[in-house]
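Okay, thanks for coming, everyone. I'll put the model up and then walk you through it piece by piece.

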Amino acid sequence: MAAFARRKAQRLARPDPSRKRALDARAAELARLLNARERFCTASSCDGRVIVTDTDGTGIQKKNCTWLLVTHDPCAKGDVMTALEKATGDAVFKFEPFVLHVLCRELQDAQLLHSVAIDSGFRNSGITVGRGGKITMAVRSTHCLEVPLSHKGRLMVSEEYIEFLVHVANQKMEENIRRIDRFQKGLELALEAAVPADTLFPEGPEKSHSVYVHRRKRQTAQEQTDPSRELEPQDDTESSLGLFAEIMMILKKEKFFFSKSDLIVVIAIFAE
């Protein structure tokens with residue numbers, strides 16, 4: 001708990017690394033709601049946006065990329081046409097939905113957020129567990145849009161088609177906003193109704209501890225036996241596999257399921 005509190009304090013003290021150096025309006029409301037609870041810490045977020053980018057045609061969109069247009073609200077065809085006048089390379093029109101990453105103190109905290117996210121329409125949400133026990137819950141959805149518009153500065157589609165794309169993107173933005181509203185309302189209710197962690201495992205007090213306690217206890221015992229002895233590679237592998245098994249047993253018991261992509265990430269982490 002103390003380690004999580006320190007990590008949270010350090011992260012929240014950092015300057016915002018985004019282009020605008022501040023949270024988007026809707027994400028800011030959720031960040032305040034979550035960060036007010038000691039069990040959560042928001043890591044990164046975006047309200048959802050319509051953007052037009054101009055790249056050099058190398059296929060690496062984040063390298064040498066110029067943002068010609070960005071808005072977190074519905075846009076107009078005229079805005080896109082004005083942005084395209086500045087394009088000199090390969091311009092791409094995108095809609096990117098809401099995303100939120102939250103660090104969680106315990107697995108059951110991440111499970112609560114995941115349940116609310118899925119019920120709110122963010123079907124691509126999932127949980128990842130890092131080597132050091134860092135638990136991250138990602139709120140994501142799949143209703144994206146990405147269409148190339150120009151090549152080497154030359155517009156490759158008609159204005160009528162651009163108007164159609166803008167209409168589709170605005171529909172997605174409206175749905176995105178509805179999902180964010182549902183998520184915030186559902187989260188408020190879930191946090192108010194959440195029971196203390198020690199009542200989630202009625203079998204006994206030892207069951208209410210995080211699965212990571214077992215690993216720490218094992219390492220502490222070895223250090224007390226021989227303080228100069230470092231964990232051998234096989235010891236670390238054994239404890240990692242045991243930790244993974246314990247996590248999966250708890251998730252199965254709680255009837256929780258990873259998305260396929262996140263399960264692959266977790267397996268890969270513990271297989272290293």
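One term before we start: when I say buried, I mean a residue with under 20% relative accessible area. And keep in mind that this is a predicted model.

So, with that cut-off, have a look at strand β8, residues 145-148. Which side chains here are buried? L145 and V147 are, and they point to one face. E146 and P148 point to the other face, and those two are not buried. That's the pattern you'd hope for, since in a regular strand the side chains alternate between the two faces of the sheet.

And who does β8 pair with? Its partner is strand β4, residues 90-96, running antiparallel to β8 and joined to it by four bridges. If you want a spot to click on, F95 sits opposite L145 of β8.

Now, over to the open sheet. There are four strands in it, in the order β1-β5-β7-β6, and the pairing is antiparallel. At the edges you've got β1 (40-46) and β6 (126-129), each pairing on one side only. Going from one strand to the next, the twist averages 20°.

Zooming in on one pair: β1 and β5, residues 99-104, make six bridges in the antiparallel sense. Within that pair, F40 is across from C104 in β5.

Two helices pack on this sheet. Helix α1, residues 2-13, touches β1 and β5, and its direction makes about 35° with that of β1. Helix α2, residues 25-35, also touches β1 and β5, but its direction makes about 170° with β1's.

Next, a helix pair. How do α4 and α5 pack? Helix α4 is residues 107-119, α5 is residues 159-193, and they pack at about 145° with axes 9 Å apart. The crossing is right-handed. From α4 you have L112, L113, V116 and A117, meeting F183, G186, L187, A190 and L191 from α5. By class, that contact has eight nonpolar residues, one polar and no charged ones. The polar one is G186, because Gly counts as polar in this scheme.

Last thing, confidence. The chain averages a pLDDT of 78, with 67% of the residues scoring at least 70. Over residues 196-221 the pLDDT is below 50, although the model does give that stretch 33 contacts beyond near neighbours in sequence. Residues 264-272 also stay under 50, with 17 contacts beyond four places in sequence.

Okay, that's my tour. Over to you for questions.

Conventions
Residues are numbered from 1 along each chain as its sequence is written. This is a predicted model: local features need pLDDT of at least 70, side-chain atom pairs count only at pLDDT 80 or more; totals for chains, interfaces and linings use all residues. Side-chain values use heavy atoms; hydrogens and water are left out. Two strands pair if DSSP finds at least two bridges between them. Axes are lines fitted to C-alpha atoms, for helices over the stretch in contact, and angles run from 0 to 180 degrees between N-to-C directions. Contact means heavy atoms within 4.5 Å. pLDDT is the predictor's confidence in each residue, from 0 to 100. A crossing is left-handed if the near helix is turned anticlockwise from the far one by less than a right angle, and right-handed if clockwise. Buried means under 20% relative accessible area, exposed over 50%, partly exposed in between (1.4 Å probe, protein chains only).
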